[in-house]
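Please look through the sequence and the model below before reading on. The paragraphs that follow take up the aromatic rings, then a pocket, and finally a helix.

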Amino acid sequence: MYFRRVAPIQWCVLVVYALTSVKAGAEDPKPKPENTITVQLAEPVKPQTFSRPLKFFVADVIDRSGNAQPMMVFKPRGGIFLDRTPSEITRAGLLTCLKSANMLAADRDSADFLLTVYLFNFGLSDSSGLDFFGKVEFAVTLKNPKTAKSQQITASGTSIAGVAVRKKNIQKNVQEDIERAFSDALRNLLRGVKLRDAVAALDVPADLPATPAQLAVSPPPLDD
């Protein structure tokens, strides 16, 4: 009789312990080769053309997301991780796009404009649970090193993909979703009206002095 009364309690303790262990594991996934994805552009985004050939130099890419685990883009089922930080991926993608159009400066001194990128979102946004919402969002400070004047512009990209059941398909959907959002954000930056207008306001050809209007343009940059 004593055994029959205690055994259910023991089983309950074991079940609670098992559930706690599973929950703890789910809350703290670790990056492994099998749950790590490589996000990259399927093809470079071709930047817009300007009134004269220009060279851009990527001065810095700074993560402002406040995410304690920026490389973890999906937490359930053991997690899904990026193989590089969002800052590294963003820098590589931007460099690839500029280089493909022969618009990448070899160094700071040869650049017409300096780009400093402040990354606010890179990965998945909140969803209803039935879809994955990819989101990439950043602000860029465009600076003319000749006048030290600058302007800030923003760009973002989004994408949506359906939730899969199998872990392998989940990773594939998440990767493709983030890649599309990343490409969309770069397209909005490099081909957008904001960049065109900022360049027009700040551009000073080497053989011409800056106009009063160009010298007046310089909102305070984001803090480093």
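**Aromatic rings, a pocket and a helix**

Phe-50, Phe-56 and Phe-113 form one aromatic cluster in this model, which is predicted. A search of the whole structure finds four aromatic pairs, and one of them joins Phe-56 to Phe-113 in a stacked arrangement, with 5.8 Å from centre to centre and 20° between the planes. Because Phe-56 belongs to strand S2 (residues 56-63) and Phe-113 to strand S5 (residues 113-125), this pair ties together parts that are 57 residues apart in sequence. Both Phe-56 and Phe-113 are buried.

A pair with another geometry is made by Phe-74 and Phe-132, whose ring centres are 5.5 Å apart and whose planes stand at 90°, so that the pair is edge-to-face, the angle being over 60 degrees. This pair, too, links distant parts of the chain, since Phe-74 lies in strand S3 (residues 72-74) and Phe-132 in strand S6 (residues 131-144), 58 residues apart. Are these two rings buried or exposed? Phe-74 has a relative accessible area of 16% and is therefore buried, the cut-off being under 20%, and Phe-132 is likewise buried, with a relative accessible area of 5%.

The strands S3, S5 and S6 come up again in the largest pocket, as each of them supplies at least two residues of its lining. The volume of the largest pocket is about 390 Å³, and its lining consists of 23 residues, of which Asn-67, Met-72, Phe-122, Gly-123 and Leu-124 lie nearest its centre. Strand S5 gives the most to this lining, with seven residues. Sorted by class, the lining of the largest pocket holds twelve nonpolar, seven polar and four charged residues.

Turning to the helix, one may ask what span the 15 residues of H2 should have. At 1.5 Å a residue, helix H2 (residues 86-100) should span 21 Å, and its end C-alpha atoms are 21 Å apart, which agrees with that expectation. Within H2, the buried residues are Pro-86, Ser-87, Ile-89, Thr-90, Gly-93, Leu-94, Cys-97 and Leu-98. Viewed down the axis of H2, these buried residues fall within an arc of 165°, and they therefore line one face of the helix. The general background is that an α-helix has 3.6 residues a turn, so residues three or four places apart point the same way.

Key. Residues are numbered from 1 along each chain as its sequence is written. This is a predicted model: local features need pLDDT of at least 70, side-chain atom pairs count only at pLDDT 80 or more; totals for chains, interfaces and linings use all residues. Side-chain values use heavy atoms; hydrogens and water are left out. Rings of Phe, Tyr and Trp (its six-membered ring) pair if their centres lie within 6.5 Å; planes under 30 degrees apart count as stacked, over 60 as edge-to-face and the rest as tilted. Helices (H or I, at least four residues) and strands (E, at least two) are DSSP runs, numbered from the N terminus. Buried means under 20% relative accessible area, exposed over 50%, partly exposed in between (1.4 Å probe, protein chains only). On a 1 Å grid over the protein atoms alone, a cavity is a set of points where a 1.4 Å probe fits but cannot get out, and a pocket is an open set with protein on both sides within 12 Å along at least five of seven lines; lining residues have an atom within 4 Å of a point. Grid points are joined across faces, edges and corners, and a volume is the space filled by probe spheres set on the points. Ala, Val, Leu, Ile, Met, Phe, Trp, Tyr, Cys and Pro count as nonpolar, Asp, Glu, Lys and Arg as charged, and the others, Gly among them, as polar. The expected span of a helix is 1.5 Å times one less than its number of residues. The arc is that of the directions from the helix axis to the C-beta atoms.
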